[in-house]
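Work through the three exercises below with the structure open. Each task is followed by a solution in steps.

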Amino acid sequence: MVRTLFITKEKPYPPAGGVELRNWQNINIMMQYGSVGVFSICQWSASSQVPAGIDFWYPYTLAKSVSSWENWKRRAWLLRPNAHPDVDRLYQQAAAKELEKVLAEFQPDLTIVEEIWLYRYLKIIKRQKCRIIFDEHNIEADLFEQKHGALKMRLPRLKSIELDFIRKADQTWVCSEEDVALVKTLYGRQFQPQAIPNGIDVASYDCVRLKQCNPPEGFGEKQHNLIYMGTFSYPPNKVAAKLLIEEIYPRLRKINPNCRLLLVGRSPTKSMLQAAELEPGIIVTGSVPDIRPYLAAASVMVVPLQQGGGTRLKLLEAFASGCPAVSTTKGAEGLNVRDSEHLLIRDEIEAITDAVEQLWSKNALVEKLTAAAYELVKAEYSWEAVSKRVDQALQQLL
């Protein structure tokens, strides 16, 4: 039996996006091994709702302001080794003291820490003498370079922090074999991260696939509805939404005037909201309690991602729901998918719109793709399949 403490940024339940879905997956898997606790470092007020099966649940909300000394240290981040503004933003001394108390009370055998942004808490965790797993949802230095290039000091600092976290953790988890190779390329072949895929509770989407889930009221006919899901404060999702609003949706609307674009997820941008006000066919929902009715309302999932890391849970949700998908190569990265077998992979705007039109007009193609995608998600990306990968990783670690 293993006592596991998860340390996350924001609470992982109820899962409202890809980050929370991965954390919630791993929490459910680790419940099979013993007692599980969760300490979440939240920037916003956190619900006290405790999910079933969790033995210790502590969402800690960061204070809105910090001491003058801590504020000065943040401003002087360039003078401090392994410092970075985004790491500093999630660290407060009061939170560190609470975490120290939690570690002493819960006495975990294993601590799983989400992403590099909680790096400053690592020294506190190491005092506990428990095994530490660093769960890297994205290879952050690579993701930063995709967006910004080698921007002055920030990229070298990210690399330094990421490398130090990998060195000090007893094991590192990443989302795919591609990310395993990327870690070795960036930081050395001596590191052996474990590929623990993003997965989903496939059975929970059966109601959509079997057409037993009703779309939200007023959504009506789904024949020409496009859907894109995500947290839109995440820059790659902002770029994808912009492409959908400004280039993909207008082209498809000319072909099918009844076409609608559903942008579903929290933190929509100002430009997204403005587009929805000007165009009735663009629907921006904000955060929703359950994604499944919106999947039930969609005829095609379109994932025009140009940047990003890890793997896309939105595609797995489409596969489990029986919703055909069109994605860029970047959007499908890290998943064991093949073009024209599980989905259509297209990188140019015109090719994406042509692919959507194909799916709208060819029922046999939709049936072929969705059947193969459903078998894939069951075999490789269900919680049951991911559990086997976690078990192998734990056997090596423990």
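The second largest pocket holds about 570 Å³ of space. The model is a predicted one.

**Exercise 1. Describe the lining of the second largest pocket.**

Solution.
- Start at the centre. K211, K222, G322, P324 and V366 lie nearest to it, out of 25 lining residues.
- Next, find the elements. Those giving two or more residues to the lining are α9 (206-209), α12 (292-296), α14 (349-361) and α15 (363-380).
- Look for the top contributor. α15 gives the most, with four residues.
- Finish with the classes. The lining has 13 nonpolar, eight polar and four charged residues.

**Exercise 2. Trace the sheet and find which strands stand at its edges.**

Solution.
- Write down the strand order. It runs β3-β2-β1-β4-β5-β6-β7, seven strands in an open sheet with parallel pairing.
- Read off the edges. β3 (56-61) and β7 (194-195) stand there, each with a single partner strand, so one side of each has no neighbour in the sheet.
- Zoom in on one pair. β5 (residues 131-135) joins β6 (residues 171-174) in the parallel sense through three bridges.
- Pick out a facing residue. F134 is opposite T172 in β6.

**Exercise 3. Which strands does helix α4 lie across, and at about what angle does it run to β3?**

Solution.
- Locate the helix. α4 covers residues 93-106.
- List the strands. α4 lies across β1 (4-9), β2 (36-42), β3 and β4 (110-114).
- Give the angle. α4 runs at about 175° to β3.
- Link back to the sheet. β3 is one of the edge strands from Exercise 2.

Notes:
Residues are numbered from 1 along each chain as its sequence is written. This is a predicted model: local features need pLDDT of at least 70, side-chain atom pairs count only at pLDDT 80 or more; totals for chains, interfaces and linings use all residues. Side-chain values use heavy atoms; hydrogens and water are left out. Two strands pair if DSSP finds at least two bridges between them. Contact means heavy atoms within 4.5 Å. Axes are lines fitted to C-alpha atoms, for helices over the stretch in contact, and angles run from 0 to 180 degrees between N-to-C directions. On a 1 Å grid over the protein atoms alone, a cavity is a set of points where a 1.4 Å probe fits but cannot get out, and a pocket is an open set with protein on both sides within 12 Å along at least five of seven lines; lining residues have an atom within 4 Å of a point. Grid points are joined across faces, edges and corners, and a volume is the space filled by probe spheres set on the points. Ala, Val, Leu, Ile, Met, Phe, Trp, Tyr, Cys and Pro count as nonpolar, Asp, Glu, Lys and Arg as charged, and the others, Gly among them, as polar.
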